[in-house]
Structures are given as structure tokens and as C-alpha cells.
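Subject: Structure for your review

Dear colleague,

Please find below the structure I am handing over to you, followed by an account of what was found in it. I would be grateful if you could read the notes with the structure open.

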Amino acid sequence: MKTKFVEALNEKAKAIERLAAGEAKTAEALGNPPGMPQGCTTIFDTGWETNPRPTYPIGNCQASARDFLGCAGDCWWPAQVPDGLTNNPDFDVACPSIARDWRNLKFD
Amino acid sequence: MGRKRLLPLVLAAAVCAGQPARAEAHDLFYYLGYEVIQVIDGDNDSIVADIPIKGAAREASLTADRKFMYVATNRHFVNKVDLALNRVVDTIDVSNDGWDRVMFGFVVDPEGKTAYGALMSRTTDHGEVVIGNPVVAQFDLATGKILRSVVVPWGIAHLVSVKGGTTIYAFGQDLYKIDTTGSDLRLAETVPMFDKHMNILPFWDYAWDNGGVASMPYYTPEGMGLLLLDQQTGDLQDVRLKGQPAMAYSVILSPDHKRAYAVMDDVTVIDLANRTFIASVPIKEGTCYGINVSADGRKIYAGGAGSTLTIFDAQTLKPLKVLQMASDGMDVRRISF
């Protein structure tokens with residue numbers, strides 16, 4: 001039996017529930033179907049960018065800024081960097097070198 | 001100096017002039033950046049040309065006659081670069097026919113009129129999102145129109161053309177071999193990688209730089225290995241390395257194919273015969289995605305990620321020069337003329 005964790009309390013929430021009644025699932029989380037690329041590898045994400053060196057920054061590219069556009073352009077970390085595939089395709093125009101041009105970053 | 005003394009010199013010069021020039025390769029390196037490709041002359045390691053390009057450069061493929069390089073940008077544009085003019089002469093978009101497409105994996109067909117791309121696609125139908133099946137598609141390089149395609153599993157990120165373009169190897173969760181010889185593209189064989197616990201980011205392969213051998217690093221819970229794919233035969237060599245792994249985005253072969261050079265935060269030298277790590281030096285400028293080597297094997301070029309290109313002596317691994325590039329970058333490719 002499916003557990004209901006969230007309960008509508010006010011009229012607006014109840015209206016949303018009525019609106020969604022009978023609606024089928026329209027979105028899939030990454031990883032379903034299995035094999036959808038997540039993180040920095042196409043097979044599975046075991047922390048590709050971990051490195052064994054005990055220096056800053058541990059577990060990341062050195063410096064992190066050097067990896068920024070590589071991640072943005074391919075949408076690896078869309079919560080942390082601009083999404084270059086959908087919402088910010090021209091992000092690099094004002095900022096072609098992050099370490100040099102980061103002051104040009106302008107996001108609402 | 002008298003005329004009699006000059007005569008032997010004149011004759012020698014005339015003889016030399018009649019001989020073919022020594023076949024010394026002239027290296028040009030192409031730094032694939034953001035909104036620009038920069039050309040570096042391997043003779044003096046200086047930037048000799050800027051090629052404006054739209055977007056973030058990702059993958060590159062070379063025509064058989066080495067006159068044009070196609071560079072994929074923003075994961076959906078394909079730019080035709082005239083290597084004599086150092087200029088983009090045409091740009092197509094694989095997002096067309098009402099579909100948004102992103103391409104992770106791109107290779108030009110040997111005939112040079114079409115290319116293959118590993119595509120994920122999306123569109124809307126009456127306001128609802130529609131996600132297309134992932135495909136490997138052949139498309140027209142003049143129009144971007146898809147000519148034919150085959151549905152493939154999710155997660156493909158790189159394509160390599162083998163056996164004269166009769167087969168496309170698609171690297172993802174597993175390796176998928178796609179037969180291009182029939183009227184339809186056909187998924188002919190799946191070579192397991194996931195079940196072997198192989199973890200791979202196959203964005204860099206250096207097939208043309210290596211003289212027809214694609215080289216890619218991979219990892220398992222036990223260590224590091226290299227995949228070496230012979231484009232002519234389709235043979236895939238699995239080189240499991242001994243010892244603690246070196247973290248690497250990409251790896252390139254020395255011209256004699258006895259060594260490999262891997263790069264991420266360090267440049268690491270690998271002995272391919274003994275499958276061991278020989279030496280490693282940190283890159284002072286920081287992480288690099290791309291690596292290359294001069295045609296004579298004397299210099300190593302590490303660049304991309306950040307906006308630097310560091311040139312190392314291949315024997316001593318001492319840095320010889322650091323070029324400040326116009327942008328961050330994805331890769332550095334070599335064409336020897």
C-alpha cells in the first residue's frame with residue numbers, strides 16, 4: 001500500500017490534489033531507466049574526480065574553477081553551475097575563462 | 001671566394017634542390033576552447049591563429065583529406081573548419097524538425113558528406129514533454145537532417161568509426177557495435193563493460209593523433225586500465241595497469257606506441273609493454289582535460305579545463321612553456337602536415 005506522507009490542509013492544496021487526481025506519472029528521475037548518465041561518468045558515478053592527493057581541494061579538480069565550464073557546458077551539475085544545455089547555452093560568451101572573467105557572471 | 005671554389009657549392013645546392021624535402025612533420029595543435037579554437041605552431045609553440053566559433057567546443061572529427069575539421073559545439077552545433085583558411089565555413093544544427101537534440105558522441109563518415117551522432121532528443125506535443133529514444137543517427141553534414149538511426153541504450157557518450165566507417169563503436173554503459181553497411185543502421189553486437197565494473201568517461205580518444213588508435217582510460221574497483229581501439233581492424237585491446245591508478249581524464253600514445261601519457265591533475269607516463277606507471281609530475285597550472293604529444297615524441301602538451309596549455313619535455317617531464325589561452329578549453333588536438 002502506498003504511504004501518503006503529505007496531506008493537503010488548505011483549499012489551494014486541496015485544489016491541486018483535485019487537479020492532479022488520476023494523472024499519470026509524466027517524469028522520470030535520472031537513473032530510471034538504469035544507465036542514464038549521472039555525474040561525470042557514463043556508466044556509474046563513483047566519484048570520478050576524487051584524487052588521492054591530500055591537498056586542497058580534496059576530491060575535485062585543481063582548482064575547481066578549471067572544471068567549471070566543462071561542467072556547465074554539458075550540464076553535469078545543473079544545481080551548482082549554469083545549465084549550458086537548456087537554460088544558459090550562451091553562458092560562456094561573457095565568461096570564456098572562469099578564473100579570469102568570473103566578475104562578468106550575471107544571474108538573476 | 002673564387003668561382004672555382006663556388007662551383008662545388010652551386011652543384012651541391014642544385015643536387016639538393018632536386019631531392020624531395022625531408023619528411024619532417026609539421027605539427028599544428030588545435031586548442032578547442034569557448035567561442036574560439038586557437039592554433040599553436042608546434043615548431044615554436046606559439047599561438048598563430050584564432051578561429052572564432054559559436055559555443056563550447058566539445059568533439060572534433062577530421063576529414064580523410066585533412067582539409068577540414070568538424071567541431072561539435074554546445075552539444076548540437078556542428079562547425080566545418082577550413083584548415084587552410086583557419087575559418088569556420090559552415091555550421092549546422094542537429095536540433096531541427098521540431099526536436100531539441102543533444103549530441104554526446106560525434107564522428108564524421110570517411111566520405112565526408114555525413115556524420116554519426118549519439119543523440120538524445122526532446123520536443124513538446126500539445127504542451128506535454130515528449131522524450132525521444134536515444135539513438136545513434138547518421139545525418140547530412142550540409143543540412144543537419146537525420147538520414148537514418150538506430151535506437152540504442154541510454155548513456156552513450158562517444159563514437160569511434162572503425163573499418164572504414166562500416167562499423168561505429170558506441171561507448172556508453174557497454175560498447176555497442178553498429179553495422180552501417182545495410183540500408184538500416186543495425187546494433188550488431190554488445191560488448192559488456194558494466195558487468196566488468198568498468199567506469200569510463202570516454203570523451204577523449206585521440207584516434208587520428210595516435211595514427212588510427214583510439215585511446216581511453218577506464219577504472220574498476222581494482223585499478224586503472226586503457227582501452228586501445230584499432231580503427232582499421234576494430235580490435236579492442238584492454239590494457240590493465242599494475243599498481244595504484246593515476247587519475248586521468250584522457251590518455252594519448254607516444255608516436256612509437258610504447259608509452260602512454262595520461263592527464264588530469266598530473267601528467268603520468270605509462271609503459272605499455274610492462275603495463276606499469278613510470279613517472280608522474282603535477283601540473284602547476286592545475287587540472288587539464290586534454291593531452292597531446294608532438295609527432296617526434298619530444299614534447300607533451302597538456303591543456304584545457306582551465307585556460308592554459310603547458311608544454312613539457314617528454315623525457316624529463318620538465319615544463320618548457322606555458323601558453324595563456326583566450327578561453328578555458330576542452331581538448332588539444334594535433335594535426336601533422
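Of the 108 residues in chain A, 31% are buried. Please bear in mind that this is a predicted model. Chain A contains 4 helices and 0 strands, and its elements run α-α-α-α along the sequence. Among its contacts between residues at least 6 apart in sequence, 18% link residues at least 24 apart.

Helix α1 of chain A, residues 11–20, lies largely in the open, because the number of buried residues among its 10 is 0. Gly22(A) follows α1(A) and has a positive phi, near 80 degrees.

Cys95(A) belongs to the loop between α3 and α4 of chain A. With a relative accessible area of 1%, Cys95(A) is buried. Beyond the neighbours within four places in sequence, the contacts of Cys95(A) are Leu69(A), Asp101(A), Trp102(A) and Leu105(A). Trp76(A) is separated from Cys95(A) by 19 residues in sequence and by 18 Å in space, C-alpha to C-alpha.

I turn next to the charged pairs. Over all chains, the structure holds 13 salt bridges. One of the residues in contact with Cys95(A), namely Asp101(A), forms a salt bridge with Arg100(A), at 2.8 Å from N to O. Asp101(A) counts as buried at 11% relative accessibility, whereas Arg100(A) is partly exposed at 42%.

Between chains, Asp74(A) and Arg58(B) form a salt bridge in which the closest N and O atoms are 2.9 Å apart. This pair joins two chains, because Asp74(A) sits in helix α2 (residues 68–74) of chain A and Arg58(B) in strand β2 (residues 46–62) of chain B. Are these two partners buried or exposed? Asp74(A) is buried, with a relative accessible area of 4%, and Arg58(B) is buried, with a relative accessible area of 4%.

Lys54(B) and Asp90(A) also meet through their side chains in a salt bridge, at 3.7 Å from N to O. Lys54(B) lies in strand β2 of chain B and Asp90(A) in the loop between α2 and α3 of chain A, so this pair too joins two chains. Here Lys54(B) is partly exposed, with a relative accessible area of 41%, and Asp90(A) is partly exposed, with a relative accessible area of 44%. As general background, side chains of opposite charge can pair when their charged atoms come close.

The nonpolar residues deserve a separate paragraph. The largest nonpolar core has 40 residues, and the members that touch the most others are Phe203(B), Trp204(B), Tyr261(B), Val267(B), Ile291(B) and Ile300(B). At least two residues of this core come from each of α2 of chain A and β6, β20, β21, β23 and β24 of chain B. The largest share, 3 residues, is supplied by α2(A). In general terms, nonpolar side chains in soluble globular proteins tend to be buried together.

Which residues does Trp204(B) touch, not counting those up to four places away in sequence? They are Ser215(B), Met216(B), Tyr249(B), Ser250(B), Tyr289(B), Met330(B) and Asp331(B). Apart from the largest core lies another, of 17 residues, with Ala49(B), Ile51(B), Trp208(B) and Ile335(B) among them.

Finally, I would draw your attention to the second largest pocket, which has a volume of about 600 Å³. Its lining comprises 34 residues, and those nearest its centre are Ser61(B), Leu62(B), Val107(B), Trp208(B) and Gln231(B). Strands β2, β6, β11 and β27 of chain B each give two or more residues to this lining. By residue type, the lining of the second largest pocket divides into 16 nonpolar, 10 polar and 8 charged. Trp208(B), one of the residues nearest the centre of this pocket, is also among the members of the 17-residue core.

Yours sincerely

Technical notes:
Residues numbered from 1 in each chain as written. Chains lettered and ligands numbered in written order. Predicted model: local features only at pLDDT ≥ 70, side-chain atom pairs only at ≥ 80, totals over all residues. Heavy atoms only, no water. Salt bridge = Lys/Arg side-chain N within 4 Å of Asp/Glu carboxyl O. Buried < 20%, exposed > 50% of the residue type's maximum accessible area, 1.4 Å probe, protein only. Core = buried A, V, L, I, M, F, W, Y, C linked by side-chain atoms within 4.5 Å. Contact = heavy atoms within 4.5 Å. 1 Å grid on protein atoms, 1.4 Å probe; cavity = no way out; pocket = protein on both sides within 12 Å on 5 of 7 lines; lining within 4 Å. Points joined across faces, edges and corners; volume = space filled by probe spheres on them. Nonpolar A, V, L, I, M, F, W, Y, C, P; charged D, E, K, R; others polar.
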